[in-house]
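Biologist: I'd like to learn how to read a structure feature by feature. Could you walk me through one?

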Amino acid sequence: LPKDEPAQEVAPANEAAAASPSAPAPAPASAPAPAPTPAAASTSASPGRAFGFELGLDALGVVGAEPGPSVGAAAFAGLLGRRVSASVEVRADAPAATASAVGPGKVRTTWTLQAAFVPCARYADASLCAIALVGLLDARSDGITDPRSASALFVAAGARVGLDWPLSGRFSLRTHLDATVDLRRARLQIGGDDAWTAPLVAAAA
């Protein structure tokens with residue numbers, strides 16, 4: 001009689017799968033590189049100066065500060081900002097003459113000097129300023145039997161409207177109109193009488 005052969009054991013599929021080496025797990029996907037952030041403005045650079053230094057010369061026509069219409073020249077120096085400025089000015093006016101108010105003869109200035117402080121508010125190239133000034137006027141009388149020389153102090157305050165015309169990065173043409181009111185009016189006398197009294201209002205441009 002044929003012998004019964006023992007039945008071959010078949011490993012379950014799941015066991016065979018377990019016995020086989022496990023497949024490597026997929027590597028996790030690398031995170032995308034972050035988008036570049038816009039660079040912030042560097043603060044190490046030295047900031048622009050808030051104020052610059054200005055200096056220059058003025059040529060002026062003058063009415064009311066002398067016995068007659070005159071011309072003057074001024075030099076100025078100060079600090080200039082985008083919104084404000086302030087300068088100190090020194091001005092000299094040419095001699096002028098007028099007839100005496102009390103008789104024959106004339107009153108003639110020999111020189112006039114004045115110093116002014118001018119603070120301004122600015123918008124672009126335009127400016128609106130206050131003016132405070134003090135000056136000294138020297139004059140003599142002509143055409144009389146006893147000519148004399150005398151000096152007179154005057155103080156005034158007023159306003160200025162100005163406009164700058166840039167010519168280049170460092171140079172500009174400055175134009176302005178000044179109006180001042182005499183707080184201490186200059187008086188020149190002949191024989192004890194006022195031969196000339198400065199007008200209440202003076203102008204320069």
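Biologist: Which residue forms a salt bridge with Glu89, and how far apart are the closest N and O atoms?

Modeller: Please keep in mind that this is a predicted model. Side chains of opposite charge can pair when their charged atoms come close. Here the partner of Glu89 is Arg174, with the closest N and O atoms 3.4 Å apart. Glu89 lies in strand β3 (residues 84-93) and Arg174 in strand β8, so this salt bridge ties together parts that are 85 residues apart in sequence.

Biologist: Are Glu89 and Arg174 buried or exposed?

Modeller: Glu89 is buried, since its relative accessible area is 7%, and the cut-off for buried is under 20%. Arg174 has 21%, so it counts as partly exposed.

Biologist: Which salt bridge does Arg174 form with a residue of strand β1?

Modeller: Arg174 forms one with Asp58, and the closest N and O atoms of that pair are 2.4 Å apart. This pair also links distant parts of the chain: Asp58 sits in strand β1 (residues 51-63) and Arg174 in strand β8 (residues 172-184), 116 residues apart. Asp58 is buried, with a relative accessible area of 8%.

Biologist: Which residues are linked with Arg174 in a network of salt bridges?

Modeller: The network joins Asp58, Glu89, Arg160 and Asp178 with Arg174. For the structure, the count comes to seven salt bridges.

Biologist: How should I read the salt bridge of Asp194 and Arg187?

Modeller: Start with the distance, then look at accessibility. The N to O distance is 3.6 Å. Asp194 is partly exposed at 31% relative accessibility, and Arg187 is partly exposed as well, at 44%.

Biologist: Let's turn to open spaces. How much space lies in the largest pocket, and which residues lie nearest its centre?

Modeller: For a pocket, I read the volume, then the lining, then its chemistry. The largest pocket holds about 970 Å³ of space. Its lining has 38 residues, and Glu54, Leu80, Arg170, Phe171 and Ser172 lie nearest the centre.

Biologist: Which elements give two or more residues to that lining?

Modeller: They are β1, β2 (70-81), β3, β5 (106-123), β6 (126-142), β7 (149-166) and β8. The largest share comes from β1, which gives eight residues.

Biologist: And how do the lining residues of the largest pocket divide into nonpolar, polar and charged?

Modeller: The split is 15 nonpolar, 12 polar and 11 charged.

Biologist: What about enclosed space: how many cavities of 30 Å³ or more are there?

Modeller: The count comes to one. The largest cavity has a volume of about 240 Å³. It is lined by 22 residues, with Ala65, Arg91, Gln114, Leu133 and Thr180 nearest the centre.

Biologist: Which elements supply at least two residues of that cavity's lining?

Modeller: Strands β3, β5, β6, β7, β8 and β11 (201-204) each do so. By class, the cavity lining has 14 nonpolar, three polar and five charged residues.

Biologist: Now covalent links. Which residues form a disulfide?

Modeller: For a disulfide, check the sulfur distance first, then the twist about the bond. The structure holds one disulfide, formed by Cys120 and Cys129 with their sulfur atoms 2.0 Å apart. The link has 100° about the S-S bond and is right-handed.

Biologist: Are Cys120 and Cys129 buried or exposed?

Modeller: Cys120 is buried at 12% relative accessibility, and Cys129 is buried at 5%.

Biologist: Which residues is Ser85 in contact with, leaving aside neighbours within four places in sequence?

Modeller: One of them is Cys120, from the disulfide we just read. The others are Leu79, Leu80, Val118, Pro119 and Arg122. Ser85 has its place in strand β3 and counts as buried, at 9% relative accessibility.

Biologist: To finish, where is Leu167 found, and is it buried or exposed?

Modeller: Leu167 is in the loop between β7 and β8. With a relative accessible area of 64%, Leu167 is exposed, as the cut-off for exposed is over 50%. Not counting residues up to four places away in sequence, Leu167 touches Ser172 and Leu173. Ser172 is also among the residues nearest the centre of the largest pocket.

How values were computed. Residues numbered from 1 in each chain as written. Predicted model: local features only at pLDDT ≥ 70, side-chain atom pairs only at ≥ 80, totals over all residues. Heavy atoms only, no water. Salt bridge = Lys/Arg side-chain N within 4 Å of Asp/Glu carboxyl O. Helix = DSSP H or I, 4+ residues; strand = E, 2+ residues; numbered from the N terminus. Buried < 20%, exposed > 50% of the residue type's maximum accessible area, 1.4 Å probe, protein only. 1 Å grid on protein atoms, 1.4 Å probe; cavity = no way out; pocket = protein on both sides within 12 Å on 5 of 7 lines; lining within 4 Å. Points joined across faces, edges and corners; volume = space filled by probe spheres on them. Nonpolar A, V, L, I, M, F, W, Y, C, P; charged D, E, K, R; others polar. Disulfide = S-S within 2.5 Å. Contact = heavy atoms within 4.5 Å.
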